[in-house]
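Welcome, and thanks for taking a look at this one with me. Please open the model beside the text and follow along as we go from the overall picture to individual strands.

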Amino acid sequence: MSRTAARCPGRLALEARRLRAAVARSVWSWVERNGRITPETPGGLRFGHLGAGVCIGFPVGSLYGEPWMEIGDGTLIGEQVTLTAGLLPGLDLGPDPVLRIGKGCLIGRGSHIVAHQSVTIGDHVFVAPYAYITDQNHTYTELDRPIGCQPPRNRPVVIGAGCWIGAGAVVLPGASLGRNVAVAGGAVVCGEFPDHCLIGGVPARILRHHDPVAGWTRPSAEDLEARSALRR
């Protein structure tokens, strides 16, 4: 048997694997395209409002409470993003929206937005992958009950227009961000922050802020202490 003939079975097996991989990629691309949620698809009709050009990528994460969600025009939501309104599917949450996402936003892959009372995200907010935003915390003060069995506490969350939420950041109940706030990756955000600042850390604090006269500056030690006292 010639050396060329001996190689043929190996080449045929390699070509077969390549063909199977190409078919698998093609099928998955078709599934991704046809699994997306848009205003024109049946899944889009479940939302309280889904604006023109909205696209929610497939596969989605957990998704329920759509009648209490409003998403503005042109917002793009990545794959495996969790969007929930309410504690469980099928609850009646009343007449008002619980989760509002503005126009032109981008929610990165694997992020979670978990709303129970009120989460409001302004226009043109960019959320990097794997961020977590929620308006509910577990309580822990009842000494004889497991923490997971104690009643939760809700506080509204507001993220102003033009903000950037870094990868892996956590936005906790009661957080309120002004316009164009940049949140560093991995930050844990609680409390209120003004327009035009950079925040980061655990818990997050102002790292730089914009003063109309002085421009971009770092806060003084006194400012940091005063803000920490307000959060305590």
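## Overall picture

Of the 232 residues in the protein, 34% are buried. Please keep in mind that this is a predicted model. Its secondary structure consists of 24 strands and two helices.

How does the radius of gyration of the protein stand against that of a compact globule of 232 residues? The protein has 23 Å, whereas such a globule would have a value near 17 Å. The extents of the C-alpha trace can be read alongside this: along the principal axes, the trace spans about 85 × 45 × 45 Å.

The contacts tell us about separation in sequence. Taking the contacts between residues at least 6 apart in sequence, 29% join residues at least 24 apart.

On the outside, the accessible surface amounts to about 13100 Å², and carbon and sulfur atoms account for 58% of that area. As for charge, the protein carries 23 positive and 19 negative side chains, with 16 Å between the centres of the two sets.

## The nine-stranded sheet

Now to the sheet. Nine strands form an open sheet with mixed pairing, in the order β2-β5-β8-β11-β16-β19-β22-β23-β24. Its edge strands are β2 (55–56) and β24 (215–217), each of which pairs on one side only. In general, strands of a sheet pair through backbone hydrogen bonds, in either a parallel or an antiparallel sense.

Three of the pairings are set out here.

| Strand | Partner strand | Sense | Bridges |
|---|---|---|---|
| β8 (residues 106–107) | β11 (residues 126–127) | parallel | two |
| β19 (residues 182–183) | β22 (residues 197–200) | parallel | two |
| β22 | β23 (residues 205–211) | antiparallel | four |

Individual residues let you find these pairings on screen. Between β8 and β11, L106 has F126 in β11 as its bridge partner.

## Around β22

Strand β22 is a good place to linger, with β19 running parallel to it and β23 running antiparallel. Which residue of β22 is the bridge partner of A182? That residue is L198. L198 also stands opposite R208 in β23, so following L198 takes you through both pairings of β22. The strands β22 and β23 form a hairpin with four residues between them, and there G201 adopts a positive phi near 105°.

Technical notes: Residues numbered from 1 in each chain as written. Predicted model: local features only at pLDDT ≥ 70, side-chain atom pairs only at ≥ 80, totals over all residues. Heavy atoms only, no water. Pairing = 2+ DSSP bridges. Rg over C-alpha atoms; globule rule 2.2 N^0.38 Å. Buried < 20%, exposed > 50% of the residue type's maximum accessible area, 1.4 Å probe, protein only. Contact = heavy atoms within 4.5 Å. Areas by Shrake-Rupley, 256 points an atom, 1.4 Å probe, with all protein chains shown as cover. Lys, Arg positive; Asp, Glu negative; His and termini not counted. Charge placed at Lys NZ, Arg CZ, Asp CG, Glu CD.
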